[in-house]
Amino acid sequence: MEEPGSAVNGSVALTVREVITETPDAKTIVFDHPGDGLRYRPGQFLTLRIPSERTGSVARCYSLSSAPGHDDALRVTVKRTVDGYGSNWLCDNVAAGHVIESLVSAGAFTPKDLDRDLLLVGAGSGITPLLSIVKTALFDGTGRVVLFYANRDPASVIFAATLRELFAEHPDRLTILHWLENVQGLPTTAALQSMLQPYDGFEAFICGPKPFMRGARLALEQIGLPRGQIHIENFVSLSEDPFTQPATIVTARGDEDEADSAGVTVLLDGVTHEFDWPRSKTLIDVLLERGVDAPYSCREGECGSCQATVLSGQIEMTSVGALDEEDIADGLILGCQARPVSDQVSIEF
Ligand SMILES: Cc1cc2nc3c(=O)[nH]c(=O)nc-3n(C[C@H](O)[C@H](O)[C@H](O)COP(=O)(O)OP(=O)(O)OC[C@H]3O[C@@H](n4cnc5c(N)ncnc54)[C@H](O)[C@@H]3O)c2cc1C
């Protein structure tokens, strides 16, 4: 049994400090921070292992709403999904003192520069990563932060009090634009375009239900934000259980694989790595085998944590999961799905 707080094979046992009811269908689970066992950036998520009598366990991702370096606890907020297994299990069963296994934090939905002006566009439980970004940018950055936040009605607004407090403390840097569907109707692309027009030079982060995100992205593109300045987090359920997968996958075809390899140059966190990339293996498997600390979580193409950009050369992907056509046209790939096609590939994370 893993001791609370110790990181083993990329997973850590987290002790629940408190459970807070946020709205009738959303609860915040507050974990003791395990110290160096878990570092994270604003906007990243945890992958929790949820027990199941049917399958042993299921894995579900939940974005951290806490601010790294400022909150002494880790916080995730779980909104019940109708007929969903994991979200309802967490809301119904978790209590103070419980220990839950989690993968270490992951995700690429995080600002590279906290001093930039940020436009955060969220709906419903999509607020969780955005709150972490709001807090961290206000505490550690210098730019303006604009939050557009849509909800069904006043009772379903998660973190209403926290947002009021943040606004009271930073009225000169924080702008909050609430949208209530019971008063204003659904936030259409045209409405979003007109409300967000003044922020066309900002770096944008969108999180919420799929149709909302589609409309928000279109609105931002129409007001002239370049594609590279729009970041999106998709809240999907994992269909596999990454807790039961080995940290590295070693194929039985060793020598054969090495013979049929491409060359790859990977730029990650300012360091350039060069090595052979066996054509039968995914980029993430090869990086992990070589001891490179590459970003990944689900390894199914669903969470988008291992997104990278092809600078030159050609790859193929088993599944394009979290990517859309424009992402692919922009050269984005998922490291956990990518295998080389050309003899030489250059990739940047
Ligand atoms: C990066 C990321 C961040 C996210 N952040 C958040 C967040 O901050 N807040 C939030 O609320 N959500 C978040 N999500 C979504 C979250 O991960 C789940 O998708 C969501 O909670 C719904 O999960 P669910 O299990 O309740 O529903 P579903 O996935 O719809 O549950 C149904 C599934 O569970 C299976 N199932 C049913 N019964 C059982 C059983 N007994 N045993 C095993 N399997 C069973 C079914 O086969 C079915 O596939 C995030 C997702 C991602 C990828």
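This is a short tour of the ligand and of the pocket that holds it, in a model that is predicted.

Begin by selecting the ligand together with the residues around it, which number 23, and look for Ser52, Arg60, Cys61, Ser87 and Ser237, since these five come nearest. Sorted by type, the residues of this shell comprise eight nonpolar, 11 polar and four charged ones.

Next, show the side chains that offer polar atoms to the ligand. At Ser87, a polar side-chain atom lies 2.5 Å from an oxygen atom of the ligand, and at Arg60 the corresponding distance from a polar side-chain atom to an oxygen atom of the ligand is 2.6 Å. Then add Arg54, where an N or O atom in the side chain is 3.3 Å from an oxygen atom of the ligand. With these contacts in view, consider the ligand's surface: taken alone it exposes 1000 Å², and the protein buries 79% of that.

Now switch to a cartoon view and colour strand S4 (45-52), strand S5 (56-63), strand S6 (73-79) and helix H1 (86-93), each of which supplies at least two residues of the shell around the ligand. Among the contributors to that shell, S5 gives the most, with five residues.

Finally, widen the selection to the pocket, for the ligand takes up the space of the second largest one. About 970 Å³ of space lies in this second largest pocket, and of the 41 residues that line it, Thr81, Ser125, Gly208, Pro209 and Phe235 are the closest to its centre. Keep S5, S6 and H1 coloured, and add strand S9 (145-151) and helix H6 (210-222), because each of these five elements supplies at least two residues of the lining. Here H6 provides the largest share, five residues. By type, the lining of the second largest pocket divides into 16 nonpolar, 18 polar and seven charged residues.

How values were computed:
Residues numbered from 1 in each chain as written. Predicted model: local features only at pLDDT ≥ 70, side-chain atom pairs only at ≥ 80, totals over all residues. Heavy atoms only, no water. Near = heavy atom within 4 Å. Polar contact = N/O pair within 3.5 Å; in protein donor to acceptor, adjacent residues only side chain to side chain. Areas by Shrake-Rupley, 256 points an atom, 1.4 Å probe, with all protein chains shown as cover. 1 Å grid on protein atoms, 1.4 Å probe; cavity = no way out; pocket = protein on both sides within 12 Å on 5 of 7 lines; lining within 4 Å. Sits in = over half its atoms within 2 Å of the grid points. Helix = DSSP H or I, 4+ residues; strand = E, 2+ residues; numbered from the N terminus. Nonpolar A, V, L, I, M, F, W, Y, C, P; charged D, E, K, R; others polar. Points joined across faces, edges and corners; volume = space filled by probe spheres on them.
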